[in-house]
Amino acid sequence: MVNQNLTATEIGFTHEDFAALLDKYDYHFSPGDVVPGTVFSIEPRGALIDIGAKTAAYIPIQEMSINRVDSPEEVLQSNETREFFILTDENEDGQLTLSIRRIEYMRAWERVRQLQAEDATVRSGVFATNRGGALVRIEGLRGFIPGSHISTRKPKEELVGEDLPLKFLEVDEERNRLVLSHRRALVERKMNRLEVGEVVIGTVRGIKPYGAFIDIGGVSGLLHISEISHEHIDTPHSVFNVNDEVKVMIIDLDAERGRISLSTKQLEPEPGDMIKNRDLVYDKAEEMAAKYREQLLAKQQGAAAAPAAPAEVVADEEIPPAAELEEEIPPAAEVVADEEIPPAAELEEEIPVVAEIEEEIPPAAELEEEIPVVAEIEEEIPAATETEEGIPAGIEE
């Protein structure tokens, strides 16, 4: 006969133990977690996902991809299993909201940071232009090319649809800034075929108080005012006009900054010839450049012999280093100022407010009976990540 008066101690299993056991198999999800889930119902503007919670989770169509999606079937298929980002906590019906877009967004930033670290050249088509420059997409993220970093004779408006080689200037996920340079990519390509001491023919494309910008084969080099002549000149306008064809020598190649420094001063047979007799300078350019290269080679080899006349006028100490020139050249930071780059705040308008998302979510009461139980999913669910903190509010549609 069974003793009906067994105590909890004799049984060895209390109500508290039972509650703890239930709690062990009750999955806890938090915003920012990345969890596996299975699609079991596709709705017109979203989908129901089984992630092992008490109630089916919901992913709205605007959270299905970093790119625009017109139909859920473009991204998800029934019974498909994949990773989802938990976007919001449970609503009043106990339902979680999910996102694929946030996962793609985080991975896209990780990828562009890697490309920047590798100093890679990427290609992308221009999809729009604005007052400050052009807009492109890199790994699904919207990138900005400042007007000063677009190297083409075409008007900006005609660049839409054109595929451009680009280098990274700035990658800042926290500020939602992805800034690129077309000019730097072209300069790097051109630099692979250029050498210091080489004479090239170019065209004056712009004149500034600090020097003239010379187009050489599709890329721009700076002829600084201090490198025009050994004699003092007040302004480059007194020597050159826009569209003048000039013969110049390359004195510095800065691939990292995408800059080419040029000189006519080092080509003068006599000081002041660029002002008095420009044709003579051009006729003697190759000869003077050869002497310049010999002097560079002698310096590299540590030779102490003094150069023969008239090479005295091209002594090394008269060549200003690139660092001196950079002080007068507007740095990249100025040409990619905040006001030129569409701020993240403009992008936030494209992200649906959670309240708007929840209006599309079917109530839990209609769904709970259809949710399959997934008891074995616990081991596959990673611990809560801290990725939410790293996601800026502004995400491009």
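**Strands, barrel and cores in a predicted model**

Modeller: Both faces of strand β10 are covered: Arg177, Val179 and Ser181 are buried on one side, and Leu178 and Leu180 are buried on the other. The model under discussion is a predicted one.

Biologist: Why is β10 described as largely enclosed by the rest of the structure?

Modeller: A residue counts as buried when its relative accessible area is under 20%. Five of the five residues of β10 meet that condition, so the strand is largely enclosed by the rest of the structure.

Biologist: What makes β9 and β10 a pair?

Modeller: Two strands pair if at least two bridges are found between them. Strand β9 (residues 163-172) and β10 run antiparallel and are joined by five bridges, so the condition for a pair is met. Within this pairing, Lys167 stands opposite Ser181 of β10. The two strands form a hairpin with four residues between them, and Asn176 in the turn has a positive phi of about 60°.

Biologist: How do you know that strand β2 is mostly covered?

Modeller: Five of the five residues of β2 (residues 46-50) are buried. The burial applies to both faces, with Gly46, Leu48 and Asp50 on one side and Ala47 and Ile49 on the other.

Biologist: Which residues are the bridge partners of Val39 and of Ile49 in β3?

Modeller: Val39 has Ile49 of β2 as its bridge partner, and Ile49 has Ala57 as its partner in β3. Strand β1 (residues 34-43) pairs with β2 in the antiparallel sense over five bridges, and the hairpin of β1 and β2 has two residues between the strands. The pairing of β2 with β3 (residues 57-60) is also antiparallel, over four bridges. In the hairpin of β2 and β3, six residues separate the strands, and Gly52 takes a positive phi near 90°.

Biologist: What makes the five strands a barrel?

Modeller: The five strands close in the order β11-β12-β13-β15-β14, with mixed pairing. On average, neighbouring strands of this sheet are turned by 50° against each other, direction ignored. One pairing in the barrel is that of β12 (residues 211-216) with β13 (residues 219-224), antiparallel over six bridges. There, Ala212 has Leu223 as its bridge partner.

Biologist: Which strands does helix α4 lie across, and which does helix α7 lie across?

Modeller: Helix α4 (residues 182-191) lies across β12, β13, β14 and β15, at about 60° to β15. Helix α7 (residues 285-300) lies across β11 and β14, at about 15° to β14.

Biologist: Which residues have the most contacts inside the largest nonpolar core?

Modeller: They are Ile214, Ile216, Phe240, Ile260, Leu262 and Leu267, in a core of 33 residues. The elements that give it two or more residues include α4, β12 and α7, and the largest share, five residues, comes from β14. Among the residues that Leu262 touches are Ile214, Ile216, Val248 and Ile251. Apart from this core lies another, of 22 residues, including Leu115 and Ile138.

Biologist: Why is the pair of Tyr105 and Trp109 called edge-to-face?

Modeller: Ring centres must lie within 6.5 Å, and planes over 60 degrees apart count as edge-to-face. Tyr105 and Trp109 are 6.2 Å apart centre to centre, with 75° between the planes, so both conditions are met. The two residues are four apart in helix α3 (residues 101-117), which means that about one helical turn separates them. Both are buried. Tyr210 and Phe213 form another edge-to-face pair, at 6.1 Å and 90°.

Biologist: Is Tyr210 buried or exposed?

Modeller: Tyr210 has 14% relative accessibility, so it counts as buried. Phe213, at 24%, therefore counts as partly exposed, since that class lies between 20% and 50%.

Biologist: Where in the protein is confidence lowest, and where is it highest?

Modeller: Confidence is lowest in helix α8 (residues 322-326), with a mean of 37, and highest in β10, at 95. The mean pLDDT of the protein is 76, and 69% of its residues reach 70 or more. Over residues 363-397 the pLDDT is below 50, although the model has 73 contacts for this stretch beyond near neighbours in sequence. Where pLDDT is low, the predicted coordinates should not be read in detail.

Conventions. Residues numbered from 1 in each chain as written. Predicted model: local features only at pLDDT ≥ 70, side-chain atom pairs only at ≥ 80, totals over all residues. Heavy atoms only, no water. Axes fitted to C-alpha atoms, helices over the stretch in contact; angles between N-to-C directions. Contact = heavy atoms within 4.5 Å. pLDDT = per-residue confidence, 0-100. Core = buried A, V, L, I, M, F, W, Y, C linked by side-chain atoms within 4.5 Å. Buried < 20%, exposed > 50% of the residue type's maximum accessible area, 1.4 Å probe, protein only. Phe/Tyr/Trp six-rings, centres within 6.5 Å; stacked < 30°, edge-to-face > 60°. Lists of a residue's contacts leave out its neighbours within four places in sequence.
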